[in-house]
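Work through the following exercises with the sequence and the coordinates at hand. Each task is followed by a solution in steps.

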Amino acid sequence: PTNVNINDKSAMDGLNYAFFPLYPMLLSFVNLLFHNIELSAFVFANFSMIVIFISLYFVISKVYSERLASKTVMLLFLFPFSIFFRSYFSENVFLLLLIWFSYFMYKKNYFASSLFISLLSVCRTTGLFLYPIFFISLYKSTANKKVLFSRSIPSFVISVIPLCAWLFFNYIQTGNILYWYSVQNSWFHSPYPFYPLI
C-alpha cells in the first residue's frame, strides 16, 4: 500500500518487521490447506508438538538411552511452561530445529547443522546466539583437518543465506537492514543498546 508509514513503529506496518519470518511463513503454507489462520495455527502447533516428542525421543535414545529419552519426553509434556510449545508461538518451531541442530552438532555433521542453524536464525532472535557455537566448532574442525576446507565453505554459506535474505528484505522494504531490531528496541526504553537482545 502507498500509505505505509515504516517510521511509525507502533503501527502495524512497523510491527510486521518485529518478528522473524520463519514461523509466519510456515503458517501461511499450512493455511493454504485450511483457509483459516486460527485453525492452521492450531493444527500446526499440535502437529509440531508430536514431531518434537518423536524427535526428542529419537535424539536422546541415540545419544544416551531409551529410558532417559522416555523420561525426557514425559517431563517436557508435563512441564507447566510447555504450554508455549503447544500454543501459537514460534517456540515449537524453534525447539524442533534446536533439537536437530544440537544432534547434528554432536555428530559433527556440519552440513546438516548448517541447514538447521540457517532456519534457527530466521525463527527467533535467540537463534543468532547459536552462530558463535557453530562457527567456532566448524573452524576448529577445519583447522584440525577433521573437515575438509572445501566442505566447510558450503556449510558456512548455507548457514547465513536465510539470515542475509531476511536482512536484505528489511533493507529493501524499510531502508534499514536491522529494522526488526529498531522495532523491538522501541518497545524497551533502555540506555543499553543491546537490551532487546538480552
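**Exercise 1. Find the contacts of Ser159, leaving aside its neighbours within four places in sequence.**

Solution. Contact requires heavy atoms within 4.5 Å. With neighbours within four places in sequence left aside, Ser159 touches Ser114, Ile117, Ser118, Ser121, Tyr131, Phe134 and Phe135. Ser159 itself sits in helix 8 (residues 149-174); helices here are DSSP runs of H or I with at least four residues, numbered from the N terminus. Its relative accessible area is 0%, so Ser159 is buried. The classes are: buried under 20% relative accessible area, exposed over 50%, partly exposed in between, with a 1.4 Å probe and protein chains only.

The basis of these values should be stated here. The model is predicted, so local features need pLDDT of at least 70 and side-chain atom pairs count only at pLDDT 80 or more, while totals for chains, interfaces and linings use all residues. Residues are numbered from 1 along each chain as its sequence is written, and side-chain values use heavy atoms, with hydrogens and water left out.

**Exercise 2. Describe the surroundings of Asn170, leaving aside its neighbours within four places in sequence.**

Solution. Start with the position: Asn170 belongs to helix 8. Next, the accessibility: Asn170 is buried, at a relative accessible area of 0%. Then list the contacts beyond four places in sequence, which are Tyr17, Gly175, Asn176, Ile177, Tyr179 and Trp180. For Trp180, 10 residues from Asn170 along the chain, the separation of the C-alpha atoms is 7.6 Å.

**Exercise 3. Compare the span of helix 2 with its expected value, and determine which of its residues are buried.**

Solution. Step one is the span. The expected span is 1.5 Å times one less than the number of residues. Helix 2 (residues 22-34) has 13 residues, for which 18 Å is expected, and the distance from its first C-alpha to its last is 19 Å, close to that value.

Step two is the burial. Leu22, Tyr23, Leu27 and Val30 are the buried residues of helix 2. They lie on the same side of helix 2, because they cover an arc of only 125 degrees around the axis; the arc is that of the directions from the helix axis to the C-beta atoms. As background, residues three or four places apart in an α-helix point the same way, because there are 3.6 residues a turn.

Step three is the cover and the opposite face. Helix 3 (37-63), helix 5 (91-106) and helix 6 (110-120) are among the elements covering the buried residues of helix 2. The face turned away from the buried side carries the exposed residues Phe29 and Leu32.

**Exercise 4. Which residues have a positive phi although they are other than glycine?**

Solution. Most residues other than glycine have a negative phi. One residue to report is His35, with phi near 55 degrees. His35 follows helix 2 and lies in the loop between helix 2 and helix 3. At 65% relative accessibility, His35 is exposed. Another is Lys108, with phi near 60 degrees. Lys108 is in the loop between helix 5 and helix 6, and at 48% relative accessibility Lys108 is partly exposed.

**Exercise 5. How many salt bridges does a search of the whole structure find?**

Solution. The criterion is a side-chain nitrogen of Lys or Arg within 4 Å of a carboxyl oxygen of Asp or Glu. The search returns one salt bridge. Arg124 pairs with Glu91, with 3.5 Å between the closest N and O atoms. Arg124 is in the loop between helix 6 and helix 7 (131-143) and Glu91 is in helix 5, so the pair ties together parts 33 residues apart in sequence. Both ends are partly exposed: Arg124 has a relative accessible area of 27%, and Glu91 has 21%.

**Exercise 6. Assess how far helix 5 is covered, and by what.**

Solution. First check the geometry: the 16 residues of helix 5 should span 22 Å, and the end C-alpha atoms are 22 Å apart, which agrees. Then count the burial: 12 of the 16 residues are buried, so helix 5 is mostly covered. The buried residues include Asn92, Phe94, Trp100 and Met105. Finally, identify the cover, which includes helix 2, helix 3, helix 4, helix 6 and helix 7.

How values were computed
Helices (H or I, at least four residues) and strands (E, at least two) are DSSP runs, numbered from the N terminus.
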